[in-house]
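Open the model in your viewer and keep the selection tool ready. The tour below goes from one selection to the next.

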Amino acid sequence: MRRIMTVTLVLALAGLAATAWADGPAGETCAASLTSDGKAIYAAVAATNPTSETLKSVVEHETRALAMDGKIGRDNARENAIAAGACVRTRLQ
């Protein structure tokens with residue numbers, strides 16, 4: 001019984017690890033088509049390793065921080081954040 005539980009636990013952890021980076025290359029491919037500001041947002045958001053549940057708040061926080069620091073333009077920040085968020089979502093799936 002103990003062996004079955006151990007094997008089940010190992011398989012469950014392996015499954016979690018596999019889903020954490022399920023489609024990283026697709027996210028990177030998507031990010032390659034972003035504007036320079038979109039790429040900056042994507043990089044900042046991806047560095048925090050958000051989950052699907054925290055993605056929206058992380059994108060908002062990182063975009064606001066980049067705009068306030070003058071690292072991205074404020075005029076198109078919203079559009080760039082939406083595009084970058086979509087690429088990060090692709091990366092998470």
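How are H3 and H5 oriented to each other, oblique or parallel? H3 and H5 are oblique to each other, because angles under 35 degrees count as roughly parallel, over 145 as roughly antiparallel, 65 to 115 as roughly perpendicular and the rest as oblique.

Before selecting anything, note that this is a predicted model, in which local features need pLDDT of at least 70 and side-chain atom pairs count only at pLDDT 80 or more, while totals for chains, interfaces and linings use all residues. Residues are numbered from 1 along each chain as its sequence is written, and side-chain values use heavy atoms, without hydrogens and water.

**Stop 1: H3 and H5**

Select residues 36-47 for helix H3 and residues 77-92 for helix H5. Helices (H or I, at least four residues) are DSSP runs, as are strands (E, at least two), numbered from the N terminus. The axes of H3 and H5 come within 8 Å and cross at roughly 45 degrees. Here axes are lines fitted to C-alpha atoms, for helices over the stretch in contact, and angles run from 0 to 180 degrees between N-to-C directions. H3 passes H5 in a right-handed crossing; a crossing is right-handed if the near helix is turned clockwise from the far one by less than a right angle, and left-handed if anticlockwise.

Now show the side chains. Among the H3 residues in contact (heavy atoms within 4.5 Å) are Ile-41, Tyr-42 and Val-45, which meet H5 residues including Ala-81, Ala-84 and Val-88. The residues of this contact divide into nine nonpolar, two polar and two charged. Ala, Val, Leu, Ile, Met, Phe, Trp, Tyr, Cys and Pro count as nonpolar, Asp, Glu, Lys and Arg as charged, and the others, Gly among them, as polar.

**Stop 2: H3 and H4**

Keep H3 and add H4. These helices pack at an angle of about 125 degrees, with their axes 9 Å apart. That angle makes H3 oblique to H4. Their crossing is right-handed. Select Ala-40, Ile-41, Ala-44 and Val-45 in H3 to see what meets H4 residues such as Leu-55, Val-59 and Leu-66. This contact has eight nonpolar residues, one polar and one charged.

**Stop 3: H4 and H5**

Hide H3 and bring back H5. H4 and H5 pack at an angle of about 140 degrees, their axes 10 Å apart, and they too are oblique to each other. The crossing of H4 and H5 is right-handed. Leu-55, Val-59 and Thr-63 of H4 make the contact with H5 residues including Ala-77, Ala-81 and Leu-92.
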